[in-house]
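Visitor: I have a few questions about how the labels on this model are justified. Could you walk me through them?
Guide: Gladly; let's look at it together.

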Amino acid sequence: MARLSIHTLARWKREGRRFAMLTAYDHALARLVEQAGVPVVLVGDSLGPVMLGYDSTVPVTMEDMLHHTRAVARATERCIVVADMPFMSYQAGADEAMANAGALLRAGATAVKLEGGSAVAPLVRRMVSAGIPVMGHLGLTPQSVNQFGGHKVQGRTPAAAARIIGDARALEEAGAFAIVLETVPAPLARMVAERIDVPAIGIGAGPDCDAQVQVLHDLLGLYDDQRQFRHAKRYAVLGEAVRGAVRAYVDEVVAGEFPTEAESFPMEEETLGELRQSARA
Ligand code: KIV
């Protein structure tokens, strides 16, 4: 089965066809996500907080991203796999950035995503001309959380909003095939989507983007608490389901109810007889 291509997304934008993008970080869930019909899977650096227990995406390394990208790429056949370039894998120098983006593609990604606007546009241009598809990311870019002073809505003033529109145009002009808009006012996201010819993919950016992206674990409620983010909708409460299933297993083991004959392997009577005899000898 051939993988979808970034050109399909451009066509969907022209046709006004919306699509969903979702994170996945491991083989088992990536398979389920693809089977559920998600066309674009993001191996986001949100794997830092979600999978590795970090406070933010800042500690995530290239090694982490390569490890998870390989697992997701092996799991999927049809999805576009976008891998995040982690903090400081593209900011320190263009040559290092090119090598890191190349490594993510070699690990199985179809494309890379990096954060920033006009400042990263020359790098995006260079990657695209080297054959590396690039997705942009504007608004509340989590790698800059320390610069922003927290997870705050971006683009609230006329100047900040105009900067985001300019940045989106600069990324499109540099060759980005899609742009994520994170935590920006819905009317601003709509203005951006109307002004660019590539898909604007929103998260906390209102209903008028061309596509939406969410973190899989937010959607599934796959946490040990009831956390709920304003930008996310919980479609299931798997955290509770996991805890319940594990508790039942523990209780059955302690009570001697698991395993039963059904989960055990028998031995031929004759073999058993011989074994008993030799054990007696
Ligand atoms: O890392 C991530 O999951 C992301 C999305 C929130 C867009 O970048």
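Visitor: Where does the ligand sit?
Guide: This is a predicted model, and in it the ligand sits in the largest pocket. To earn that wording, more than half of a molecule's atoms must lie within 2 Å of the pocket's grid points.

Visitor: What makes a residue one of those that surround the ligand?
Guide: One of its heavy atoms has to lie within 4 Å. 13 residues surround the ligand, and the closest are Gly44, Asp45, Ser46, Asp84 and Lys113. The shell divides into five nonpolar, four polar and four charged residues.

Visitor: Why is the pair between serine 46 and the ligand called a polar contact?
Guide: The cut-off for a pair of N or O atoms is 3.5 Å. A polar side-chain atom of serine 46 lies 2.5 Å from a ligand oxygen atom, so the pair qualifies. Lysine 113 places a polar side-chain atom 2.8 Å from an oxygen atom of the ligand, and for aspartate 84 the distance is 3.0 Å. Taken alone, the ligand exposes 260 Å², of which the protein buries 96%.

Visitor: How do you know that the length of helix α11 agrees with its number of residues?
Guide: Helix α11 has 17 residues, 238-254, which at 1.5 Å a residue should span 24 Å; the end C-alpha atoms are 24 Å apart, so the two agree.

Visitor: What is the peptide bond from phenylalanine 258 to proline 259, cis or trans?
Guide: That bond is cis, with omega near 0 degrees. Proline 259 belongs to the loop between α11 and α12.

Terms used:
Residues numbered from 1 in each chain as written. Predicted model: local features only at pLDDT ≥ 70, side-chain atom pairs only at ≥ 80, totals over all residues. Heavy atoms only, no water. Polar contact = N/O pair within 3.5 Å; in protein donor to acceptor, adjacent residues only side chain to side chain. Areas by Shrake-Rupley, 256 points an atom, 1.4 Å probe, with all protein chains shown as cover. 1 Å grid on protein atoms, 1.4 Å probe; cavity = no way out; pocket = protein on both sides within 12 Å on 5 of 7 lines; lining within 4 Å. Nonpolar A, V, L, I, M, F, W, Y, C, P; charged D, E, K, R; others polar. Helix = DSSP H or I, 4+ residues; strand = E, 2+ residues; numbered from the N terminus. Expected span 1.5 Å × (residues − 1).
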